[in-house]
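Hi,

Here's the structure I promised to pass along. Have a look at it first, and my notes follow right below.

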Amino acid sequence: MGEGNLIGFTDNFADNSTEAGFQFTFYCDICREGYKTRFTESKTYKKGRFFKGLGSMVSAAAQMTGKYNIGYGIERGTDVIGEKFKGMSPAWQKEHEEAFELAQNEAKEHFHRCPKCTKWVCENDWNEQEGLCTVCAPRINVEVAAAKAEKAVSDIKEKAAKTQVFTGKIESKQTICPQCGKPAGEGKFCSNCGAPLALIKCSKCGAENPAGTRFCGECGTKLE
């Protein structure tokens with residue numbers, strides 16, 4: 001990194017560099033969508049200058065594959081990165097830093113830096129009209145559409161709560177066998193003792209009464 005140069009991205013990128021060359025992935029601070037820079041081949045590698053500790057470097061590079069949100073400054077201080085670049089020549093290290101500066105310039109064309117929160121965001125999270133990120137300045141049309149959709153769902157749930165959708169009776173009946181006094185089930189005969197469970201029809205009012213009943217439940221007439 002050139003002395004005195006500002007670092008645009010410090011904690012929202014992944015270093016995908018290997019001994020063969022340099023490449024970086026920069027991420028939006030809001031949605032984490034990434035942009036991978038063009039691969040720059042290492043001149044020292046191209047010339048066939050293999051470095052000390054190449055095996056260690058490759059191993060550490062494999063560990064880094066797929067890891068995101070690791071800043072350059074942070075990486076330099078970690079054991080993993082220290083191992084990753086262990087044995088690389090000073091010439092390669094210089095190339096790496098120069099490649100990182102170029103990669104930042106390339107990535108900046110695909111991001112905006114919010115002047116309020118100072119976050120780097122992609123086009124999807126940039127409010128072009130306000131010149132701010134969508135967290136600091138939400139898009140009005142998007143917020144209106146989201147509010148309308150939320151209210152529609154609320155109205156639907158409210159109306160559904162007031163609508164009767166079940167009209168049947170909620171009841172639980174238990175038939176007791178008049179012969180054995182135990183639950184008889186729902187058939188025509190007691191499931192315990194086999195006694196008939198047919199209803200007795202009142203000769204006076206015609207009401208049907210459970211088997212074993214002595215008097216009609218509707219008119220009080222004695223049942224035969």
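Lys-222 touches Arg-214 and Phe-215, leaving aside residues up to four places away in sequence. Keep in mind that this is a predicted model. As for where to look, Lys-222 sits in the segment that comes after strand E11 (208-209). Its relative accessible area is 55%, and since anything over 50% counts as exposed, Lys-222 is exposed. There's also a pairing across the sequence here: Lys-222 and Cys-202 are 20 residues apart along the chain, and their C-alpha atoms are 8.2 Å apart in space.

The other thing I looked at is a sheet. It's an open one with three strands, ordered E1-E3-E4, and the pairing is antiparallel. Which strands stand at the edges? Those are E1 (13-15) and E4 (34-36); each has a single partner strand, so one side of each has no neighbour in the sheet. From one strand to the next, the twist averages 15 degrees.

Zooming in on one pair, strand E3 (residues 24-27) and E4 run antiparallel and are joined by three bridges. Within that pair, Thr-25 in the model stands opposite Lys-36 in E4. Then there's helix H5 (residues 90-108), which packs on the sheet and touches E1, E3 and E4. The direction of H5 makes about 40 degrees with that of E3.

That's what I have for now. Shout if anything is unclear.

Cheers

Key
Residues are numbered from 1 along each chain as its sequence is written. This is a predicted model: local features need pLDDT of at least 70, side-chain atom pairs count only at pLDDT 80 or more; totals for chains, interfaces and linings use all residues. Side-chain values use heavy atoms; hydrogens and water are left out. Two strands pair if DSSP finds at least two bridges between them. Helices (H or I, at least four residues) and strands (E, at least two) are DSSP runs, numbered from the N terminus. Axes are lines fitted to C-alpha atoms, for helices over the stretch in contact, and angles run from 0 to 180 degrees between N-to-C directions. Contact means heavy atoms within 4.5 Å. Buried means under 20% relative accessible area, exposed over 50%, partly exposed in between (1.4 Å probe, protein chains only).
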